[in-house]
Amino acid sequence: MLIVGEALNTSRLAQGVRHIEKAVTARDAEAIARIAVAQREQGAAYLDLNAGTLTSGEPEALAWMTTVTQEAAALPISFDSPNPAALRAALAVYDARYGPPLINSISAASGRYAAILPIARDFHARVIALAMDDDGIHQETAGRVRVATSLVERLLADGLPIDDIYVDPLVFPIATDDAVILTFLDIIPRIMDAFPGVHTIAGISNVSYGLPARAHLNRALALLAMGQGLDACIVDTQDRPLLALITAAEALLGRDESCRAYLAHARENAC
Ligand code: THG
């Protein structure tokens with residue numbers, strides 16, 4: 001399971017304060033570096049960076065966050081922005097020694113596709129492909145699978161290796177509609193069976209917006225999605241039980257030879 005740490009997002013609120021936004025605006029490198037290192041220690045293999053609340057300041061902020069997090073944590077980055085200027089500014093300072101960048105995200109919406117594809121090519125980036133088009137997000141499984149399928153076909157035709165494509169079937173809060181997660185879970189194997197070698201990814205914490213005891217919902221969703229084949233996720237790495245459960249589920253699903261990663265996790269976490 002590829003673990004992407006979600007914490008460096010300027011929209012996050014703690015006690016009514018956008019604390020990441022504050023740190024980024026103040027260019028408080030120590031605060032950002034601390035969160036980057038903590039996520040790596042908690043199990044992140046990629047760090048998602050989102051400076052979307054800074055609007056006109058986003059390109060400069062995203063580039064600054066990239067340098068600070070890579071110098072501190074020595075990890076590859078997921079660039080969570082639809083803004084071509086911000087992506088280009090951040091990728092210009094990106095250090096590919098830590099691994100390929102991931103662009104979060106491209107979609108089948110015509111403007112978005114045309115703007116993002118050349119950037120992915122120029123920087124040899126991996127891409128998160130959102131299952132949405134000019135009509136938005138289809139509520140039904142069939143519509144969303146159709147959009148995701150044509151998007152993957154288009155990315156392949158445009159020369160992206162299948163191993164560089166991460167399809168996001170899209171997680172909605174369960175508080176909005178009882179069926180949204182059944183739809184999400186249904187889409188995962190349909191995409192992975194249609195394109196052997198393609199990856200699927202999801203923002204797990206989306207599911208619990210608006211409900212109490214969010215971690216239970218996040219943990220349950222991660223396990224259900226892994227059972228369907230999900231092989232990457234954007235998560236709250238501070239949730240230690242979540243990371244332990246993901247490691248356990250990898251072993252149970254036969255994706256951890258001789259339980260090696262499970263044993264290492266148990267040893268490192270003294271549990
Ligand atoms: N797909 C893709 N990218 C995404 C999402 C997705 N990027 C943004 C988002 N969804 C994933 N990132 C977050 C980041 C923070 C939170 C949720 C999703 C969040 N954080 C809590 C808060 O700020 O209150 C803190 C964590 C918690 O306590 O649960 O909710 O779906 N491609």
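This report describes the rings, cores, helices and some single residues of a predicted model.

Residues are numbered from 1 along each chain as its sequence is written, and side-chain values use heavy atoms, with hydrogens and water left out. Local features need pLDDT of at least 70 and side-chain atom pairs count only at pLDDT 80 or more, while totals for chains, interfaces and linings use all residues.

## Aromatic rings

A pair of aromatic rings is described by the distance of the centres and the angle of the planes. Rings of Phe, Tyr and Trp (its six-membered ring) pair if their centres lie within 6.5 Å; planes under 30 degrees apart count as stacked, over 60 as edge-to-face and the rest as tilted. A search of the whole structure gives one aromatic pair. Its members are Phe-79 and Tyr-94, with ring centres 5.7 Å apart and planes at 70°, so the pair is edge-to-face. Phe-79 belongs to strand β3 (residues 77–80), whereas Tyr-94 is in the loop between α4 (84–92) and β4 (102–107), so the pair ties together parts that are 15 residues apart in sequence. Helices (H or I, at least four residues) and strands (E, at least two) are DSSP runs, numbered from the N terminus.

Buried means under 20% relative accessible area, exposed over 50%, and partly exposed in between (1.4 Å probe, protein chains only). Phe-79 has a relative accessible area of 0% and is buried. Tyr-94, at 12%, also counts as buried.

Another ring has a charge over it: Arg-154 lies over the face of Tyr-113, at 3.8 Å from the ring centre. A charge sits over a ring if NZ of Lys or CZ of Arg is within 6 Å of the ring centre and within 35 degrees of the ring normal.

## Nonpolar cores

A nonpolar core is a set of buried Ala, Val, Leu, Ile, Met, Phe, Trp, Tyr and Cys residues joined through side-chain atoms within 4.5 Å. The largest one has 74 residues, and those with the most contacts inside it are Ile-103, Leu-155 and Phe-184. Helix α7 (residues 180–194) gives the most to this core, namely eight residues. A second, separate core of 11 residues includes Val-4, Tyr-46, Ile-128 and Ile-201.

What does Ile-103 touch, not counting residues up to four places away in sequence? Its contacts (heavy atoms within 4.5 Å) include Phe-79, Leu-87, Leu-91, Ile-116 and Ile-128.

## Helices α3 and α8

The expected span of a helix is 1.5 Å times one less than its number of residues. Helix α3 has 16 residues and reaches 21 Å from its first C-alpha to its last, close to the 22 Å expected. Of these 16 residues, 12 are buried, so that α3 is mostly covered. Among the buried residues are Trp-64, Met-65 and Val-68. The buried residues of α3 pack against β1 (2–9), α1 (19–25), α2 (29–42), β2, β3 and α4.

Helix α8 (residues 214–228) has 15 residues and should span 21 Å; its end C-alpha atoms are 22 Å apart, which agrees. Its buried residues are Asn-218, Leu-221, Ala-222, Ala-225 and Met-226. They cover an arc of only 130° around the axis, which puts them on the same side of α8. The arc is that of the directions from the helix axis to the C-beta atoms. An α-helix has 3.6 residues a turn, so residues three or four places apart point the same way. The buried residues of α8 pack against α7 and α9 (240–252). Just after α8, Gly-229 takes a positive phi of about 115°.

## Single residues

The table gives the place and relative accessible area of five residues.

| Residue | Place | Relative accessible area | Class |
|---|---|---|---|
| Thr-55 | loop between β2 (46–50) and α3 (58–73) | 56% | exposed |
| Ala-74 | loop between α3 and β3 | 36% | partly exposed |
| Ala-96 | loop between α4 and β4 | 53% | exposed |
| Ser-208 | loop between β7 (199–203) and α8 | 0% | buried |
| Glu-250 | helix α9 | 12% | buried |

Thr-55 has a phi near 40°, a positive value in a residue other than glycine. Ala-74 is not a glycine either, and its phi is positive at about 55°. This residue follows α3.

Leaving out residues up to four places away in sequence, Ser-208 touches Arg-214, Leu-217 and Asn-218. On the same terms, Glu-250 touches Met-1, Met-226, Arg-255 and Asp-256. Ala-96 and Ser-258 are 162 residues apart in sequence and 32 Å apart in space, C-alpha to C-alpha.
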